Amino acid sequence: MANEGQRTYFADPKRIERWPTREPFTSHAIAPLLAIANLHAGQRVLDVGCGGGICTVAAAEVVGSTGRVVGADLSPVMIGLAESRPYPPSVTYLEADVQEDAIPGGPFDRIISQFGTMFFDNPVAAFRNLGAHLAPGGTLTAAVWQGMDGNLSFMAHRLAARGFKRAMPPTGGVPQGPFAHSDREWVASLLLEAGFAPPTWQSFSLVHRCALDDVVTEAMLLDAGIDAERIDEAIGIARTELEPFRGADGQIACPLEVQVYATPLAP
Ligand SMILES: C[S@@+](CC[C@H](N)C(=O)[O-])C[C@H]1O[C@@H](n2cnc3c(N)ncnc32)[C@H](O)[C@@H]1O
């Protein structure tokens, strides 16, 4: 079965238990994503990799009661989280692998995704399947992370890149993970091969104000697979990196470097 590694990763109860503490970081992308997607009342929208559904519900507020929004995610645990929260009747959640499954409720005027498109075993197949679900004149708009450099909230990834051991899920042989789509040229080549037009891009430097413990704790790093024998060293490095971002109120102004692309199908 495709995307087995990611299905396991995103259904890990430990990760999902902590997911609501990550959403305040990721949700900063909702406003620019929805603005660029240019949603209107009455549209049909697909939210790819909807996770706990915060962006799905935000999209539903824009398209109103005459619109419809499908939130699709391959993790049953994420879908369970989304369904456990309030959502309007215009929203449907669906457990599906958007790489290969048919997605009922289309064709969609807009396909949106907040950090849900960087985990496919076969990104070209996934984008092709998404394209097949677009209505004429429809667009795909996705928020993805820029590089690791400006994104301090991904401490375990940053430490792993510095040689601290971290267990990663098996991949389909292509780059996968939060920074997999930081390279605009590579993403554009995938989209073109899948039948989309060249995407337009916009960058956003956002900030999430929070306690240092919201960004990094020993337990978070251990859960993420950072070497337990070097955990003191790892936590020391993480705290040193974050300290310059601490304001007078003691809060960390954690930078979030996001980019959003939008593209219709190729003519
Ligand atoms: C980083 S989370 C983002 C969740 C949500 N959009 C947010 O911003 O809070 C990525 C989500 O994509 C989902 N995902 C990964 N691969 C997928 C696939 N092939 N089909 C559907 N969902 C997928 C994961 O299960 C996960 O919930």
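A polar contact here is a pair of N or O atoms within 3.5 Å. Keep that cut-off handy for the exercises below, and bear in mind that the model is predicted.

**Exercise 1. The ligand's polar partners**

Task: Which residues put an N or O atom within 3.5 Å of a nitrogen atom of the ligand, and does the backbone or the side chain supply it?

Solution:
- Step 1. Start with the side chain: Asp 97 has an N or O atom there that sits 2.8 Å from a ligand nitrogen. Since the cut-off is 3.5 Å, that pair counts.
- Step 2. Now try the backbone. A polar backbone atom of Val 98 is 3.1 Å from a ligand nitrogen, and a backbone N or O atom of Leu 74 is also 3.1 Å from one.
- Step 3. Put these together: Asp 97 contributes through its side chain, while Val 98 and Leu 74 contribute through the backbone.
- Step 4. Check how well the ligand is wrapped. On its own it has 600 Å² of accessible area, and the protein covers 97% of that.

**Exercise 2. The ligand's shell**

Task: How many nonpolar, polar and charged residues does the shell around the ligand have, and which residues come nearest?

Solution:
- Step 1. The shell holds 19 residues.
- Step 2. Sort them by class and you get 10 nonpolar, 7 polar and 2 charged.
- Step 3. Those that come nearest are Gly 49, Asp 73, Asp 97, Val 98 and Gln 114. Asp 97 should ring a bell, as its side chain makes the 2.8 Å approach to a ligand nitrogen.

**Exercise 3. The overall fold**

Task: What does the radius of gyration say about the protein chain when set against a compact globule?

Solution:
- Step 1. For 267 residues, a compact globule would come out near 18 Å, and the protein chain has 18 Å, so the two agree.
- Step 2. Look at the extents too: along the principal axes, the C-alpha trace spans about 55 × 40 × 35 Å.
- Step 3. Inside that outline there are 11 helices and 7 strands, and buried residues make up 54% of the chain.
- Step 4. Ask who touches whom. Of the contacts with a separation of 6 or more, 77% join residues 24 or more positions apart.
- Step 5. Finish at the surface: about 11500 Å² is exposed, with carbon and sulfur atoms supplying 55% of it.

**Exercise 4. A helix on the inside**

Task: Is helix α4 largely enclosed or largely open, and what covers its buried residues?

Solution:
- Step 1. Count first. Helix α4 runs over residues 54-63, and 7 of its 10 residues are buried, so the rest of the structure largely encloses it.
- Step 2. Name the buried ones: Cys 55, Thr 56, Val 57, Ala 58, Ala 59, Ala 60 and Val 63.
- Step 3. Find the cover, which includes α3 (30-37) and the strands β1 (44-48), β2 (68-73), β3 and β4.
- Step 4. See what comes next: Gly 64 follows α4 and has a positive phi, near 70°.

**Exercise 5. Backbone oddities**

Task: Where does the backbone have a cis peptide bond, and which residues other than glycine have a phi near 60°?

Solution:
- Step 1. Recall the background: most residues other than glycine have a negative phi, and most peptide bonds are trans.
- Step 2. The bond from Gly 106 to Pro 107 is cis, with omega near -5°. Pro 107 lies in the loop between β3 (91-95) and β4 (108-114).
- Step 3. Asn 3 has a positive phi, near 60°. Asn 3 sits before α1 (4-10) and is buried, at 2% relative accessible area.
- Step 4. Phe 115 also has a positive phi near 60°. Phe 115 belongs to the loop between β4 and α6 (123-132) and is buried at 9%.

**Exercise 6. Two loop residues**

Task: Are Ser 27 and Phe 196 buried or partly exposed, and which residues do they touch?

Solution:
- Step 1. Ser 27, in the loop between α2 (13-26) and α3, is partly exposed at 23% relative accessibility.
- Step 2. Beyond its sequence neighbours up to four places away, Ser 27 touches Ile 54 and Gln 114. Its C-alpha is 9.9 Å from that of Phe 115, 88 residues apart along the chain.
- Step 3. Phe 196, in the loop between α8 (184-193) and β6 (200-210), is buried at 2%.
- Step 4. Leaving aside neighbours within four places, the contacts of Phe 196 include Phe 127, Gly 131, Leu 140 and Pro 264. With Gly 131, the C-alpha distance is 7.4 Å across 65 residues of sequence.

Note on methods. Residues numbered from 1 in each chain as written. Predicted model: local features only at pLDDT ≥ 70, side-chain atom pairs only at ≥ 80, totals over all residues. Heavy atoms only, no water. Near = heavy atom within 4 Å. Polar contact = N/O pair within 3.5 Å; in protein donor to acceptor, adjacent residues only side chain to side chain. Areas by Shrake-Rupley, 256 points an atom, 1.4 Å probe, with all protein chains shown as cover. Nonpolar A, V, L, I, M, F, W, Y, C, P; charged D, E, K, R; others polar. Helix = DSSP H or I, 4+ residues; strand = E, 2+ residues; numbered from the N terminus. Rg over C-alpha atoms; globule rule 2.2 N^0.38 Å. Buried < 20%, exposed > 50% of the residue type's maximum accessible area, 1.4 Å probe, protein only. Contact = heavy atoms within 4.5 Å.
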